[in-house]
Every structure is written in structure tokens, then in C-alpha cells.
Amino acid sequence: MTTLSVQNVSKSFPTAGQPLEVLRDVSLQLSGGQSMAIVGPSGSGKSTLLQILGTLDRPDDGTVMVDGDDPFVLDDTELARWRNQKIGFIFQDHHLLPQLSVIENVLVPALATGKTSQQQIGRATELLDSVGLADRVTHLPSQLSGGERERVAIARALLMRPALVLADEPTGNLDEETGERVLKLLLDLTRRQNKTLIMATHSPEVVPFADRVFRVHDGQLLTTAEAQPQIHSVPKPFIVPN
Ligand code: ADP
Ligand code: MG
């Protein structure tokens with residue numbers, strides 16, 4: 001089943017002069033269990049695309065369907081609830097709450113829905129076990145290494161069984177070896193749970209691990225082969241088949 005269907009998404013930001021066109025006619029489709037890496041230099045529009053896919057920002061044009069829903073028809077309250085259920089976010093700086101323990105941080109998305117159930121506490125415990133942090137559940141984020149904090153963020157992103165997991169430079173703050181371990185863990189966990197994963201990175205170390213790799217180039221999403229400099233041809237948008 002198609003988890004994510006993006007059609008002709010464009011996004012510009014206003015500036016003092018001409019609007020800054022960051023995304024132009026981006027289209028893609030991904031099914032459950034598929035992983036996709038978006039590479040490209042800093043400023044190429046990776047975060048802008050992830051923000052739109054995660055419904056934290058709206059496209060100027062085009063449609064985004066997640067798990068069969070068009071989230072942008074919802075009002076802000078409904079959208080916040082929908083996002084909490086359907087999207088798992090992992091950020092470079094993990095955004096853990098410093099005053100909460102590891103397991104409390106993992107349970108934050110459940111707290112947003114009201115009370116946490118025993119079932120959710122059980123799931124948080126299992127997820128922490130699967131990211132190798134079973135013996136860190138009562139630690140505070142400040143008592144963890146960078147790689148451990150990122151693994152807490154992965155567990156938190158998966159708590160609500162989201163359809164779509166979005167990771168923005170998840171290994172950007174980690175050394176190469178730790179980053180690679182965290183990345184493999186993220187890919188392995190999302191695959192086993194049949195989640196669709198999209199991760200943005202400016203470093204190419206993810207390339208061998210993701211099912212698909214795209215490059216943001218001149219506002220468009222291209223296969224890495226198409227993204228090579230092509231002096232005489234205009235790059236075409238790449239549509240990912242089902
Ligand atoms: P990346 O994640 O690939 O580094 P971004 O998506 O963060 O790139 O940014 C792409 C471009 O859009 C950059 O040139 C950035 O300055 C610009 N940009 C991003 N967000 C905004 C905004 N809210 N307002 C104006 N310009 C923005
Ligand atoms: Mg970015």
C-alpha cells in the first residue's frame with residue numbers, strides 16, 4: 001500500500017527581492033517498509049521538504065497524501081492530533097525534554113493524547129529495549145551520550161506506530177562510527193515495523209543503506225544519477241514508482 005504520495009509540491013519563501021523558490025514540482029510515492037534518503041548540500045531544501053511531508057509547514061502548491069489522508073484539509077487542532085498519530089519525527093538535535101527521564105521522553109507523544117496506558121508504557125519499554133537502552137530508562141538526557149540520545153528519539157518517534165517516520169540529519173551531531181550504527185538501527189527498526197522512512201542528510205554515508213536515494217537539486221528531487229551536473233539538459237523531476 002502507498003503510504004506517501006506527493007504530487008507537484010512547490011514551496012517558495014518571501015524575500016526582500018524575488019521569492020526564494022526552494023521546492024519546484026516535487027512528486028514521489030513510497031510504500032510501507034520503504035526507506036528513502038534525501039541528500040544535498042546545506043540550504044538545498046531538505047528540511048523544507050521534510051517539514052511539508054510532516055505537515056509542520058504547508059506547500060504553496062501540490063498535494064501530500066499520507067496513509068490515504070490529505071492532512072492539509074484539517075484545522076489546526078485536528079492536524080496536531082493527526083500528526084501525533086501518523087508521523088514520527090527524529091531531529092538532529094533530538095529535542096528531548098531535559099527534565100524528563102528517558103522513558104518519559106519516549107512517552108511524550110502518548111501524553112499528548114491524555115493519559116498513558118499500561119500498554120503504552122509496555123511499548124515504550126520494548127522500544128527502549130530494541131534500541132539497546134533497556135538499562136537507561138530512568139536516566140536523564142544529560143546523562144546519555146549523543147548516540148544514546150538519538151536512539152531515545154528513535155524510540156519516541158515509533159511509539160504511536162506512525163505510518164511515516166521522518167528523520168532530519170539524524171546523525172548530523174554524531175561521529176561517523178556512532179552515526180552509522182544509529183542509522184542502521186533506524187533502518188532496521190523501521191523495516192521490521194513496516195514503516196516508511198525518509199531521512200535527510202548532507203553526508204553520503206546513508207547512501208548504501210537506504211532503498212532509494214534522491215538529491216535535491218535546483219528545487220527538484222532527482223535520482224543521484226540525474227543529479228550529476230548536466231550542462232546541456234534541464235533536470236527532470238523524478239517520480240518514484242510504487
Ligand atoms: P537544508 O535542510 O537542505 O539545509 P532548508 O530546507 O533548511 O535546507 O532551506 C532551504 C532554503 O530555504 C535555504 O536557502 C533557507 O535559507 C531557505 N529557508 C528555509 N526556511 C525558510 C523560511 N522560513 N523563510 C525564508 N527562507 C527559508
Ligand atoms: Mg536541514
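This report walks through the ligand site, the two sheets and the helices that pack on them. Keep in mind that the structure is a predicted model.

**Around the ligand**

Let's start with ligand 1. Its surroundings are made up of Phe13, Leu20, Val22, Pro41, Ser42, Gly43, Ser44, Gly45, Lys46, Ser47 and Thr48. What kinds of residue are these? The shell around ligand 1 divides into four nonpolar residues, six polar ones and one charged one.

Some of these neighbours come from named elements. Strand β2 (20–31) and helix α1 (46–53) each supply at least two residues of the shell around ligand 1. The element that gives the most is α1, with three residues.

Three of the residues in the shell have an N or O atom whose distance to an oxygen atom of ligand 1 is given here:

| Residue | Where its N or O atom sits | Distance to an oxygen atom of ligand 1 |
|---|---|---|
| Gly43 | backbone | 2.6 Å |
| Lys46 | side chain | 2.8 Å |
| Thr48 | side chain | 2.6 Å |

How much of ligand 1 does the protein bury? On its own, ligand 1 exposes 560 Å², and the protein buries 59% of that.

**The three-stranded sheet**

Now for the strands, beginning with β1 (residues 2–13). Strand β1 runs antiparallel to β2, and eight bridges join the two. You can follow the chain from β1 to β2 through a hairpin of six residues. To see how the two strands line up, look for Ser12, which stands opposite Glu21 in β2.

Strand β1 also pairs with β4 (residues 61–66), again in the antiparallel sense, over five bridges. Here Val6 stands opposite Val64 in β4, while Ser10 stands opposite Asp61 in β4.

Put together, the three strands form an open, antiparallel sheet in the order β2-β1-β4. Why is one side of β2 and of β4 left without a neighbour in the sheet? Both strands stand at the edges and have a single partner strand each, so there is no neighbour on the other side. On average, neighbouring strands of this sheet are turned by 15 degrees against each other, if you ignore direction. Helix α1 packs on this sheet and touches β1, β2 and β4, with its direction making about 125 degrees with that of β1.

**The six-stranded sheet**

There is another open sheet to find, and this one has six strands in the order β5-β6-β7-β3-β8-β9, with mixed pairing. Which strands are at the edges? They are β5 (87–91) and β9 (220–223), and each of them pairs on one side only. From one strand to the next, the twist averages 25 degrees.

For a look inside this sheet, try β3 (residues 35–39) and β8 (residues 212–217). These two strands pair in the parallel sense over four bridges. Along this pairing, Ala37 stands opposite Val213 in β8.

**Helices across the strands**

Helix α1 turns up here too. It lies across β3, β5, β6 (164–168), β7 (196–201), β8 and β9, and it runs at about 155 degrees to β6. Helix α7 (residues 176–192) lies across β3, β5, β6 and β7, running at about 160 degrees to β7.

So α1 is a handy landmark as you turn the model around: α1 supplies three residues to the shell around ligand 1, touches β1, β2 and β4, and lies across β3, β5, β6, β7, β8 and β9.

Key:
Residues numbered from 1 in each chain as written. Chains lettered and ligands numbered in written order. Predicted model: local features only at pLDDT ≥ 70, side-chain atom pairs only at ≥ 80, totals over all residues. Heavy atoms only, no water. Near = heavy atom within 4 Å. Polar contact = N/O pair within 3.5 Å; in protein donor to acceptor, adjacent residues only side chain to side chain. Areas by Shrake-Rupley, 256 points an atom, 1.4 Å probe, with all protein chains shown as cover. Nonpolar A, V, L, I, M, F, W, Y, C, P; charged D, E, K, R; others polar. Pairing = 2+ DSSP bridges. Axes fitted to C-alpha atoms, helices over the stretch in contact; angles between N-to-C directions. Contact = heavy atoms within 4.5 Å.
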